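Open the model in your viewer and keep the selection tool at hand. The tour moves from one selection to the next.

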Amino acid sequence: MIELSDDCRLAFCVGVGGVGKTTFAAALGLAEALRGRSVLVLTADPARRLADALGIRGLSDQASDIPLPTTSGELHAAMLETKASADEIIRRAAHDEARAQRVLDNRIYQAFSNTLARSHAYAAMERVHEAVHDARYDLIVVDTPPAQSSIEILEAPARLVSFLDQRVVRWFLQASDESPQLRGGALAQGLLRIVAGQSLVSALTEFLTEMAFLREGFSERAKEVRDLMRSPSTRFVLVSSADSIGMEAAKSVAAEVRSRDFALAHVVFNRAFIPEATRSCADPVNYPERLAALAPKLERMRALLTAEEEQKRSNIVAFCDEHGVGAWSLPEARRPLGDPSALAAWIEQARPFSHST
Amino acid sequence: MHPPIAEPLTRQVQFFTGKGGVGKSTVLAALATAAARAGKRPLIVELGAHTSSSHLFHGPDVGYQPSEVAPGVHATRVLFEPALIDYITSRLKLRPIASLVAKNSSLRRLFLAAPGVDEIVTLHRVAQLAADERWGPVLVDLESTGHALMFFDLPSVLEVFLKDGPLRQVVDSATKLLADEQRCAIHIVTVPEPLAVNETIQLHAQLRKRPDLHLGYLFINRVPRAWLDDEETRLVKSELAGASAGEPWASDLALAQYLAQRRLTAERCMQGLHHDIDLPTMTFEAQDEGGASIIAELSGAIERAGIR
C-alpha cells in the first residue's frame, strides 16, 4: 500500500502531463484521509481535472469538503485561482487597503497576475505556505501543473528571493542617482530601454516602486517557502508512465528533484499493467471446442499485452536500479472513477518494486 | 477575389496543442517525417525543458541551434538564455553587447524573475524561425492546454501596456502571424479517453472564441484496436458469466472483455468529439509499445491520407 509516513505534512506530486498525476494526487490524499488524517488536496493545474477525479462538480480557491465513507479522517480539495491568490497576497502584505489597491490597479500587475505560468507558480507556492500553516489540515497534497511548469513551481521561491534582493531592485530604481556605484544601474536601465522600450521600463519602474513596501514581507515569505520545500516533513512523489517515452521524462524529472535536494519519497508508474493480463504466455491453454474460433485472437491478445507489460516491468526495474529507489506500479484507473471508493480501490492495487542495489 | 484558403497542413507555421501525454510530439514527428519525404524542409520547434524529439528519433540531444534528427527533419528547442540573447541582439544589433546584457547578473535576475520575459523571448524566437525561409513547415509543439491558451493570449495581454517600442513589434508580428490564415494553423491533438475528451472539447470551445485564430485538424491519437466484433463480444460476455467461469482460460476472456470495453469507450469518445468539434479529423491507431516504427506507421497513415 502506498503510504506517506506519519510525519509527512506536505507532499508534492510531480511529473510530466498526461500520466494521471491529478488522479493519483486525489487517490493519495484520499488514502491518507481514510487512515484518519485531515487532508487538503491542492491542484495548481489550470485544467480542471481534480474535480473530475473526485467526482464533484467543480472546485474553487476555497476548499470543498469531499464526503468520505468513514468518519475518522477528512478530505478537502481546492483549485488554485491565480488571480484570487495573488490579490490575497497583496492585500495581506499591504496592511493598508489604499496601498493594496494601487498595486491591484497597476497595469503590469493586472496583465501578469492572471495570465502567465510564472505568476501561477508564485501564487501556488503562496497558497501552499498558507495551507501548511492552517491548523485544520494534517497533510497537504499538491498536484503540480504538467511538464516544465512542475519544475517551474519548484523554482518560484528561489527566483522570487533573488528578484526581490533589495540591492537589485534599488540598483534598478535609483539608477538616475549620481552615486558612482549606481551608474551600472543607469547603464542597465538604458540598455533595457533599448531592448524593451520606454513605455515598459516606465511601467516596470512604477510597478517596482509601488511594490516597494511588499519586498520585505515577500522576501521573508519566499525564504520560508524555500525552506519548507526542504523540510524533513516534506516529500516528493514522482508520477510517470512506464513506457519508453515516459521513462525518459521520469529520469529527467527525478534528476531535477534530486539536484535541488528535495526528498523523493515514492516513484509511481501509472498504467503499468492490466490486472486481467496477469497470466504468463508460457502456459498453454486448451480452449474448449466452442471457443476454437476465438482462440487464436485470445492468444494474440494475451501475447501482445503480456509482452507490453513485461517491457514496462523491465523499464521500471531498470529505473529502480539506476536511481537506487523503490517504486510502485498501478494499473490504469477505470472510468468512471468519480467517487472515493473507486479511487481507493484503484490505489490499493499498487504493486511494489524494490531496487537490487 | 481572395485566393483559396491553404490546406492547413501545407501552411508555413503549425501549432500543436492538447492535453499532456496524448502524443503531440509523436504526431508532430510523424508529420515532419511525411513532409521531409515530400521534399520539404520541416523544422520541429520544442518549447521547454524536456525534448521529446531527440528520444523519438533516437538522435542526439536537441539544442537551440536546429539540428538534423532524421533525414530531412530538423528540430530545435527554444531555451531561455539563447532566445534572450537573440532577442536583445535583434534590438542592439551587436551580439557581444547583447551577450553582456543577458549575462549581467542584475539584469539577468530581473529577466529570470519578471513574469512575461520568458514568453516574450519565446514568441520572438518562434516568429524568427517562422520567417526563416530555410524552414517550412515550422511545427511548434506547445505545452499542455492551459499553457497553450496563455501563449495565444499573450499578445493581447501585452497589448494592454505596450503602446510603442520594440516589444510592440514582437507582439504585432506574432499577432499578424497568428491571424494569417494562409500561413498559420493551430491543430489539436487528443486521445479517445474521457478526461482527455472533456478537456479537448473545452479547449476547442475556448479557441473558437478567438476569431483571429485559425484551427486546422483534430488528431485523434492512440485509438485502441478493435479486437472483437459484436458477436464475439457477446460470446465473451456470456462465457465469462457462465460456462467459462473459473476455467483456466477465463483470464483470457476477462482480458478480451476489458479490451472490448476500452474500444467501446474510445468509440463513444470519438462520437462525442465529432459531435462537438467540427474540424477535419485524422485518427491514428494505437501502436505497440517498443515498436521502433511508430513514426513510420503514422507518417505512412498521413501519406495515405494524401495531404501534401
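Select α10(B) and α11(B): these helices are oblique to each other, because their angle falls outside the ranges for roughly parallel (under 35 degrees), roughly antiparallel (over 145) and roughly perpendicular (65 to 115). They span residues 230-241 and 250-276 and pack at about 135°, axes 9 Å apart. Axes are lines fitted to C-alpha atoms, for helices over the stretch in contact; angles run from 0 to 180 degrees between N-to-C directions. Helices (H or I, at least four residues) and strands (E, at least two) are DSSP runs, numbered from the N terminus.

Show side chains at the contact (heavy atoms within 4.5 Å). From α10(B), include Val236(B) and Leu240(B); from α11(B), include Leu253(B) and Gln257(B).

A note on the source: this is a predicted model, where local features need pLDDT of at least 70, side-chain atom pairs count only at pLDDT 80 or more, and totals for chains, interfaces and linings use all residues. Residues are numbered from 1 along each chain as its sequence is written, chains are lettered from A and ligands numbered from 1 in the order in which they are written, and side-chain values use heavy atoms, leaving out hydrogens and water.

**Chain B sheet**

Next, select the strands of chain B. 8 of them form an open, mixed sheet, ordered β3-β4-β2-β5-β1-β6-β7-β8. Strands pair if DSSP finds at least two bridges between them. β3 (67-70) and β8 (281-285) of chain B are at the edges; each has a single partner strand, so one side of each lacks a neighbour in the sheet. Zoom to β1(B) and β5(B): they are parallel over 4 bridges. Val13(B) faces Val138(B) there. Add α11(B), which touches β6, β7 and β8 of chain B.

**Thr33(B)**

Go to Thr33(B), in helix α1 (residues 24-37) of chain B. Buried or exposed? Thr33(B) is buried (under 20% relative accessible area, 1.4 Å probe, protein chains only), at 14%. A polar atom of its side chain lies 2.7 Å from the backbone oxygen of Ala29(B). Thr33(B) also touches Phe57(B), Val73(B), Ile295(B) and Ser299(B), leaving aside residues up to four places away in sequence.

**Chain A sheet**

Switch to chain A. Its open sheet has 9 strands, ordered β3-β4-β2-β5-β1-β6-β7-β8-β9, with mixed pairing. The twist averages 25° from one strand to the next. Zoom to β3(A) and β4(A): they pair antiparallel over 3 bridges. Ile66(A) sits opposite Leu75(A). Finish on helix α12 (residues 295-323) of chain A, which packs on the sheet at about 170° to β7(A).

Technical notes. Buried means under 20% relative accessible area, exposed over 50%, partly exposed in between (1.4 Å probe, protein chains only). A polar contact is a pair of N or O atoms within 3.5 Å; within protein, one must be able to donate a hydrogen and the other to accept it, and residues adjacent in sequence count only if both atoms are side-chain atoms.
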